[in-house]
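Please open the model in your viewer and keep the selection panel at hand. The tour goes from one selection to the next and says what is found at each.

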Amino acid sequence: MLQSSNGRRLSAKTVFTLSLKYLCQLAISEISDQIGFKLSPEDVTWVITVPAIWSEGAKAFMRQAAIETTLVIDKQLYIALEPEVASLYCRKTYHQEQSKKLNIELPICLIQAGTNYVIIDAGGGSVDVSLYY
């Protein structure tokens with residue numbers, strides 16, 4: 001059980017579920033406003049990132065909390081490791097920079113062999129370093 005500063009006690013699952021529900025509702029509302037029509041939960045594929053050191057049990061806990069929001073459908077939910085998502089972001093950023101530099105649209109998979117980069121994830125009491133080459 002978790003206890004708030006006002007003394008209220010809730011289970012960790014309830015706290016995570018309510019937090020994720022709020023974030024899902026906010027995302028659906030904001031995206032709906034941007035695109036001009038109302039999205040439904042079935043329209044969304046969700047990706048939740050978690051630290052690389054999380055156990056399978058911790059990932060399952062996060063998945064279950066997301067599903068319990070009733071806004072997330074199990075088959076449309078992916079749990080991804082933070083370093084993997086950071087790597088994809090680096091690849092996308094590199095792709096955008098190269099496309100802009102050459103003034104042409106390159107295929108996103110075009111990262112030359114030998115392109116190296118390092119992901120450093122510092123926070124939450126740990127530092128994770130991943131080298132991609």
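Which residue in E4 is the bridge partner of Ile48? Select Ile48 together with Ile79, since Ile79 is that partner in E4. Please bear in mind throughout that this is a predicted model.

**The parallel pair and its crossover**

Widen the selection to strand E3, residues 46-50, and strand E4, residues 77-81, which run parallel and are joined by 5 bridges. With the side chains of E3 displayed, an alternation can be followed along the strand: Trp46, Ile48 and Val50 point to one face and are buried, whereas Val47 and Thr49 point to the other face and are not buried. Now add helix H2, residues 56-67, to the view, and the path from E3 through H2 to E4 can be traced as a right-handed β-α-β unit.

**Lys59 within H2**

Next select Lys59, which lies in helix H2. Is this lysine buried or exposed? With a relative accessible area of 18%, Lys59 falls under the 20% cut-off and is therefore counted as buried. Showing its surroundings, and leaving aside neighbours within four places in sequence, you will find Lys59 in contact with Val50, Trp54, Ile79 and Leu81. Val50 has already been met as one of the buried side chains of E3, and Ile79 as the bridge partner of Ile48.

**Charged pairs**

Side chains of opposite charge can pair when their charged atoms come close. How many salt bridges does a search of the whole structure find? The search finds 3, and each can be selected in turn.

Stay with Lys59 and add Glu56: the two form a salt bridge in which the closest N and O atoms are 2.9 Å apart. Both residues lie in helix H2, 3 residues apart, which is about one turn of the helix. Their accessibilities can be set side by side, for Glu56 is exposed with a relative accessible area of 59%, while Lys59 is buried at 18%.

Then select Asp74 and Arg63, which form a salt bridge with their closest N and O atoms 2.7 Å apart. This pair links distant parts of the chain, with Asp74 in the loop between H2 and E4 and Arg63 in helix H2, 11 residues apart. Asp74, at 42% relative accessibility, counts as partly exposed, and Arg63 is also partly exposed, with a relative accessible area of 25%.

For the remaining pair, select Glu68 and Lys13, whose salt bridge has its closest N and O atoms 3.6 Å apart. Here too distant parts of the chain are linked, Glu68 being in the loop between H2 and E4 and Lys13 in helix H1, residues 12-35, with their positions 55 residues apart in the sequence numbering. Glu68 is partly exposed, with a relative accessible area of 38%, and Lys13 is likewise partly exposed at 25%.

**Ser11, ahead of H1**

Move to Ser11, in the loop between strand E2 (9-10) and H1. Ser11 is partly exposed, with a relative accessible area of 25%, and its side chain makes a polar contact of 2.8 Å with the side chain of Thr14. Select Met1 as well: its C-alpha atom and that of Ser11 are separated by 4.4 Å, although the two residues are 10 residues apart along the chain.

**The hairpin**

Finally, select strands E5, residues 117-123, and E6, residues 126-132, which run antiparallel and are joined by 7 bridges. Within this pairing, Val118 has Leu131 in E6 as its bridge partner. E5 and E6 form a hairpin with 2 residues between them, and Gly124 in the turn has a positive phi of about 65°.

Note on methods: Residues are numbered from 1 along each chain as its sequence is written. This is a predicted model: local features need pLDDT of at least 70, side-chain atom pairs count only at pLDDT 80 or more; totals for chains, interfaces and linings use all residues. Side-chain values use heavy atoms; hydrogens and water are left out. Two strands pair if DSSP finds at least two bridges between them. Helices (H or I, at least four residues) and strands (E, at least two) are DSSP runs, numbered from the N terminus. Buried means under 20% relative accessible area, exposed over 50%, partly exposed in between (1.4 Å probe, protein chains only). A crossover is right-handed if, with the strands pointing away from the viewer, the path from the first strand over the helix to the second runs clockwise. Contact means heavy atoms within 4.5 Å. A salt bridge is a side-chain nitrogen of Lys or Arg within 4 Å of a carboxyl oxygen of Asp or Glu. A polar contact is a pair of N or O atoms within 3.5 Å; within protein, one must be able to donate a hydrogen and the other to accept it, and residues adjacent in sequence count only if both atoms are side-chain atoms.
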